[in-house]
Amino acid sequence: MPMAGSAPPTETSKTAPDLSRRDFLKRSARAGGALGTLSALGLSLAPAVARAQTLRIQEAKAVPSVCPYCAVGCGTIVHTVDGRIVNIEGNPDSPVSEGNLCPKGAATYQLAVNEQRWTMVKYRAPGSDHWEDRPLDWAMDRIAELVKKTRDETFQETTADGKTLMSTLSIFSLGGATLDNEWNYVHSKLMRGLGIVSIENQARI
Ligand code: SF4
């Protein structure tokens, strides 16, 4: 599994022939032996690794960002070339994490660049026994329609004895831990504007 800062799989690695477990162990042992020999000779690979890393992001644009996975909000630097993400790594200037990322955050690159990522929404219609692929835009419109419909049907301006309510108890909002402060602020504004009073956030930490 590539980590942040690691390049996407090369064509060579994608098309490597199948190896038996025995062949794999033999080749790994030979490679390990070669590296061990270099170390024994006092040669360090660290400069070569650092050089390769520098070359990969040399022409890249660096954009400060925040790990999207949890409420800790560790700082990241996203490197892009021609608008495409080529690398994501910890941001040493972040007062939260000082350049560190946990294993999940260190793999954020795969969140954005991953050929196995689903790009369609899975939708199962009421009463249906199977899922259908739908575009995200369709899903967003569908959610908006249902929120509006439910709110209009259940909005209460007053209680039975005339006290002001201006709310609905028929919609519940549960935010994810990936929502940052700014998103939560805007989201809670929207929910309260709709008269929704049940608002919660799943913060993992
Ligand atoms: S998932 Fe890990 S790297 Fe990301 S914000 Fe949380 S602790 Fe930091």
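## Exercises on a predicted model

In β3, Asn-87 is the bridge partner of His-79. The exercises below start from this pair and concern a predicted model.

**Exercise 1. Determine how β2 and β3 pair, and describe the turn between them.**

Step 1. Strand β2 covers residues 75-81, and its pairing with β3 is antiparallel, over 6 bridges.
Step 2. Two bridge positions can be checked by residue: His-79 is matched with Asn-87 of β3, and Thr-76 stands opposite Gly-90 in β3.
Step 3. The two strands form a hairpin with 2 residues between them. Asp-82 lies in the turn and has a positive phi of about 55°.

**Exercise 2. Place β2 and β3 in their sheet and name the edge strands.**

Step 1. The sheet is open, has 3 strands in the order β1-β2-β3, and is paired antiparallel.
Step 2. Its edge strands are β1 (61-66) and β3, each of which pairs on one side only.
Step 3. From one strand to the next, the twist averages 30°.

**Exercise 3. Is Val-96 buried or exposed, and which residues does Val-96 touch?**

Step 1. Val-96 is in the loop between β3 (84-90) and α4 (103-106).
Step 2. A residue counts as exposed if 12 or fewer other C-beta atoms lie within 10 Å of its own. Val-96 has 12 C-beta neighbours inside 10 Å and therefore counts as exposed.
Step 3. Leaving out residues up to four places away in sequence, Val-96 touches Val-72, Gly-73, Cys-74 and Gly-75.
Step 4. For one of these, Gly-75, the separation along the chain is 21 residues, while the C-alpha atoms of Gly-75 and Val-96 are separated by 6.9 Å.

**Exercise 4. List the residues of the largest nonpolar core and those surrounding the ligand.**

Step 1. The largest nonpolar core has 5 residues: Val-66, Cys-67, Cys-74, Leu-101 and Ala-106.
Step 2. Val-66 is in contact with Gly-73, Gly-75, Thr-76 and Asp-180, when neighbours within four places in sequence are left aside.
Step 3. Around the ligand are Cys-67, Tyr-69, Cys-70, Val-72, Gly-73, Cys-74, Ser-97, Leu-101, Cys-102, Lys-104 and Gly-105.
Step 4. By residue class, this shell contains 7 nonpolar, 3 polar and 1 charged.
Step 5. Compare the lists: Cys-67, Cys-74 and Leu-101 belong to the core and also to the ligand's surroundings.

**Exercise 5. Describe the sheet that contains β6, β7 and β8, and locate the helix lying across β7 and β8.**

Step 1. This open sheet of 3 strands has the order β6-β7-β8, and its pairing is mixed.
Step 2. β6 (156-158) and β8 (196-201) are the edge strands, each pairing on one side only.
Step 3. The twist from one strand to the next averages 30°.
Step 4. β6 runs antiparallel to β7 (residues 164-175), and 2 bridges join them. Thr-158 stands opposite Thr-164 in β7.
Step 5. The helix is α7 (residues 181-194), which runs at about 155° to β8.

**Exercise 6. How many helices and strands does the protein have, and what percentage of its residues is buried?**

Step 1. The protein has 7 helices and 8 strands.
Step 2. Of its 205 residues, 11% are buried.
Step 3. As for contacts between residues at least 6 apart in sequence, 44% join residues at least 24 apart.

Notes: Residues are numbered from 1 along each chain as its sequence is written. This is a predicted model: local features need pLDDT of at least 70, side-chain atom pairs count only at pLDDT 80 or more; totals for chains, interfaces and linings use all residues. Two strands pair if DSSP finds at least two bridges between them. Helices (H or I, at least four residues) and strands (E, at least two) are DSSP runs, numbered from the N terminus. Axes are lines fitted to C-alpha atoms, for helices over the stretch in contact, and angles run from 0 to 180 degrees between N-to-C directions. Two residues are in contact if their C-beta atoms, placed from the backbone, lie within 7 Å. A nonpolar core is a set of buried Ala, Val, Leu, Ile, Met, Phe, Trp, Tyr and Cys residues joined through C-beta atoms within 7 Å. A residue is buried if 20 or more other C-beta atoms lie within 10 Å of its own, exposed if 12 or fewer, and partly exposed in between; C-beta atoms are placed from the backbone. A residue is near a molecule or strand if its C-beta atom, placed from the backbone, lies within 6 Å of it. Ala, Val, Leu, Ile, Met, Phe, Trp, Tyr, Cys and Pro count as nonpolar, Asp, Glu, Lys and Arg as charged, and the others, Gly among them, as polar.
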